[in-house]
Amino acid sequence: MTNGSIPERAPGVSAADDFSADWFADYLRKRAGQPVQVTEFAKFTRGTSRQTWFATWRDGDGKTHEVVLRADHPAGAGDPTSLDQEYAVYERLGRTDIPHARTLWFENDAAAAPRPFYLRERVAGAWQVPGYTRQDEVGAGARLAAAQEHMRALARVHDADWQAAGFGDLLGAPAGLDDAVGHYVRLQLGRLAQFGGEPQPLLCEVAEFLLGNAPEAARISLCKGTNGLGEEVFRRGRIVAMSDWEEVLVGDPASDLAMVQGFAEPIVRGGETVWDLERALEFYNAHARVPVSLGNLRFYQLARMFGRMVMFAYTTTVVQRSPRATVRQSWTATEVQHWVRRALAGALGIGEGVDPAIFEELNMTVDMEAG
Amino acid sequence: MIHPTCTEVLATVQTAFDEQVVPHLADSEARSAAATIGHLLRHVALRIEQEGQILSDDIARLEALLGRIADWFDETRAADAQPLRAALVPALPAGRYPSLTLIGERALALRAALVAAQERLQEAAAGHGSEAGYTDLRAGIRDYIAAQLADEARLIAPAFQGRGPRR
C-alpha cells in the first residue's frame with residue numbers, strides 16, 4: 001500500500017478473461033470450498049473512474065449475500081489513485097461514524113481473477129432521489145429534503161476524526177491551516193509528474209493563481225471529493241452510504257462544498273427561493289462543528305477543477321497506452337476534458353469560458369432519456 | 001486511392017451505426033456505449049478534416065511566443081534562454097511527410113518548452129513583475145491558451161454539444 005499510489009499498468013486481458021457471473025461463481029466456490037449460486041451479476045453503467053458490478057449469491061447454507069465488486073477498467077482506472085487506496089479508504093471509514101458500505105476483502109491473486117478487485121457490502125438503497133426531477137412542489141420538496149440530508153452527511157464527514165481513523169497516514173495531510181491549498185496543489189502536480197501527463201500551459205497558470213491567492217482553512221478535515229446526487233446511496237430519504245471516494249483528501253472542507261452535485265442548485269417553493277448555494281452553506285454551517293466561509297468555497301470551486309484536469313490528464317494516458325481503454329474513457333479525455341479546461345480558463349479570464357448548462361448535458365444518460 | 005476519403009467512409013459508418021445497429025440494442029450498457037461511440041465518431045470526423053491545420057497553427061503560435069520569451073530572457077538575463085532556443089530548432093525532418101503524429105509531437109515538445117518557460121517567468125515575477133516586457137509576455141501566454149482552447153472547441157462543440165446523452 002502506498003499513499004496516493006499510481007496504479008501499475010494493467011496487464012492485457014482478453015475479453016473472455018473478464019469478470020462474469022460464471023467466473024464469480026467459480027471464484028466463490030473455490031474460496032468457500034462449497035458450491036454457491038450466483039443469482040445476479042450486473043454491471044453498473046453509470047460510473048466512469050472504475051468498474052462496478054452488483055452481485056448476489058446464495059451460499060451452501062442458503063444464506064443470501066449482496067455485494068458490490070470494484071475493479072479497475074482493463075486498461076486502468078480513470079483517475080490516478082489506486083484501487084488499493086480506495087479499499088483502504090473504505091476500510092478506514094469503518095473506524096468512523098460516516099455511513100458507508102463495509103469492505104469484505106481485497107483479491108490480488110492474478111490466478112484467481114482477471115485483475116485485482118475488492119468486495120464491499122451492498123447497502124440497500126439507490127443513488128436516485130424519488131421525485132427529484134419533478135417540476136412541481138412535490139419535486140421541490142424532494143430536492144430540498146435530499147439536499148439538507150446531504151449537507152448533514154457532509155458535516156459528518158468533516159467532523160470525523162481523520163487522524164484517529166488513519167487517513168493522514170494513507171493520504172498525507174497539509175502541514176497546517178495555511179498549507180491546505182499548497183498541499184493540494186503539490187499533490188496534484190506530483191501526480192501529474194508521476195504519470196507523465198501532457199504539458200499544459202493552462203495548468204501552470206492555474207497553479208500559480210491558486211498558490212498566490214490561497215486562503216487559510218478554518219480547519220483540516222477528511223474531504224470526500226466527488227459528492228452529491230449520483231454519488232451517495234439514499235434509502236427512505238436518508239443517506240445510508242457515501243460512495244465514490246476516488247477524490248478523497250485531507251484538507252479544507254470547503255473543497256467538498258465546492259463540488260456538491262445537484263444539491264446546491266436553487267429550489268423555488270411557492271415562488272420563493274428556499275435553497276441555493278449560500279443557503280446550503282448556511283445549513284451546513286449549522287450542523288458542522290466548524291463553519292466554512294463562502295470565500296473558501298468559491299476558491300475551491302477553482303481548485304477542484306484544477307484537480308479534475310489532472311485526473312483527466314491521467315485518463316488521457318490510459319487511452320493513449322491501451323486499446324482496451326473504454327470508449328467512456330476516450331470521451332472523458334476528449335469532450336469532458338475540454339469543457340473543464342474551458343471553465344477553468346474562463347475563471348481566470350482566459351478565453352470565452354463556458355455555459356454551465358453544458359455540465360448538465362454531460363451528466364445525462366440514455367437511461368435518463370428513456371425514463 | 002483518393003476517393004472515398006476517410007471522411008466519406010466514416011460518414012457511411014456513422015449512418016450504418018445510427019440506423020442499423022443502435023435501434024437494435026436492448027441492453028442498457030450497450031446503448032450507453034453506443035451513445036458515446038456516436039459522439040466520438042463525429043469528433044473523429046472533425047479531427048480528420050481539421051486537426052492538421054489546427055496543429056500547424058498551434059506550432060506557429062508557440063514558435064512566435066517562445067521566440068519572444070527567449071529574447072526577453074536574453075535581454076533581462078532573468079533566465080537562461082538556451083533551452084528555449086534549442087526547442088525552437090525545427091524538428092520535422094525535411095522530405096518526410098509531416099504526419100499528424102509528427103506534428104503532434106512537435107506541438108507537444110513546444111508546449112513542454114512553454115511550461116518550462118512559464119515556470120521561469122513565474123520565478124522572475126518578484127524582480128520583473130511590474131515591467132511592461134514581463135506583463136506583455138504573460139498576456140501573450142494567456143492569449144496563446146485562449147487560442148488553443150478556441151481551436152480545440154472547433155473539434156468538440158459541433159460533435160457533442162446539444163446532440164443528446166453521452167453515455
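Two residues are in contact here when their heavy atoms lie within 4.5 Å. With that cut-off in hand, let us start at one side chain of this predicted model and work outwards. Leaving aside neighbours within four places in sequence, A:Arg308 is in contact with A:Thr226, A:Glu247, A:Met259, A:Gln261 and A:Val340. The residue sits in helix H10 of chain A, which covers residues 294-321. A:Arg308 counts as partly exposed because its relative accessibility is 23%, and the class for buried residues ends at 20%. If you want a distance to check in your viewer, the C-alpha atoms of A:Arg308 and A:Leu344 are separated by 10.0 Å, with these positions 36 residues apart along the chain.

Now step back to chain A as a whole. The chain is divided into domain 1 (21-121) and domain 2 (137-362), and the C-alpha centres of these two domains lie 26 Å apart. Where they meet, 31 residues of domain 1 are in contact with 32 residues of domain 2. About 2,600 Å² is buried between the two domains of chain A, and carbon and sulfur atoms give 61% of that area. On the domain 1 side, A:Ala75, A:Pro80 and A:Pro99 lose the most area to domain 2, together 22% of what that side buries.

The polar side of this domain boundary is worth a look too. Between domain 1 and domain 2 of chain A there are 10 residue pairs in polar contact, both partners being at pLDDT 80 or more. Helix H2 of chain A (residues 83-93) contributes the largest share of the domain 1 side, seven residues. By residue type, that side of domain 1 divides into 11 nonpolar, 11 polar and nine charged. The count of salt bridges between the two domains is two. As a general point, side chains of opposite charge can pair when their charged atoms come close.

Which parts of chain A does the salt bridge of A:Arg70 and A:Glu246 tie together? A:Arg70 belongs to strand S3 (residues 64-71) and A:Glu246 to the loop between strands S9 (238-242) and S10 (249-251), so the pair ties together parts that are 176 residues apart in sequence. The N to O distance in this salt bridge is 2.7 Å, and both A:Arg70 and A:Glu246 are buried. These two residues are also linked with A:Arg50, A:Asp72, A:Asp79, A:Glu86 and A:Arg120 in a network of salt bridges. A:Arg156 and A:Asp97 form another salt bridge, with their closest N and O atoms 3.8 Å apart.

A further charged pair in chain A is A:Glu149 with A:Arg238, a salt bridge whose closest N and O atoms are 3.1 Å apart. This pair links distant parts of the chain, with A:Glu149 in helix H3 (residues 137-159) and A:Arg238 in strand S9, 89 residues apart. The partners differ in exposure: A:Glu149 counts as buried because its relative accessibility is 3%, whereas A:Arg238, at 47%, counts as partly exposed.

From here we can cross to chain B. The contact between the chains takes 37 residues from chain B and 36 residues from chain A. The area buried between them is about 3,300 Å², with 62% given by carbon and sulfur atoms. B:Arg142, B:Arg166 and B:Arg167 supply 23% of the area that chain B buries against chain A, more than any other three residues.

Six salt bridges are found across the interface of chain B and chain A, and 16 residue pairs there are in polar contact, both at pLDDT 80 or more. Helices H2 (28-76), H4 (100-123) and H6 (132-160) of chain B each supply at least two residues of the side that touches chain A. Helix H6 of chain B gives the most, with 12 residues. The side of chain B that touches chain A divides into 18 nonpolar, eight polar and 11 charged residues.

One arginine makes a good closing stop. B:Arg138 forms a salt bridge with A:Glu208, the closest N and O atoms being 2.5 Å apart, and the side chains of B:Arg138 and A:Glu205 meet in a salt bridge at 3.2 Å, N to O. A:Glu205 lies in helix H7 of chain A (residues 201-212) and B:Arg138 in helix H6 of chain B, so that pair joins two chains. A:Glu205 counts as buried at 4% relative accessibility, and B:Arg138 counts as buried at 12%.

Technical notes. Residues numbered from 1 in each chain as written. Chains lettered and ligands numbered in written order. Predicted model: local features only at pLDDT ≥ 70, side-chain atom pairs only at ≥ 80, totals over all residues. Heavy atoms only, no water. Buried area = accessible area lost by both parts, 1.4 Å probe. Salt bridge = Lys/Arg side-chain N within 4 Å of Asp/Glu carboxyl O. Polar contact = N/O pair within 3.5 Å; in protein donor to acceptor, adjacent residues only side chain to side chain. Helix = DSSP H or I, 4+ residues; strand = E, 2+ residues; numbered from the N terminus. Nonpolar A, V, L, I, M, F, W, Y, C, P; charged D, E, K, R; others polar. Domains from an automatic or database assignment. Buried < 20%, exposed > 50% of the residue type's maximum accessible area, 1.4 Å probe, protein only.
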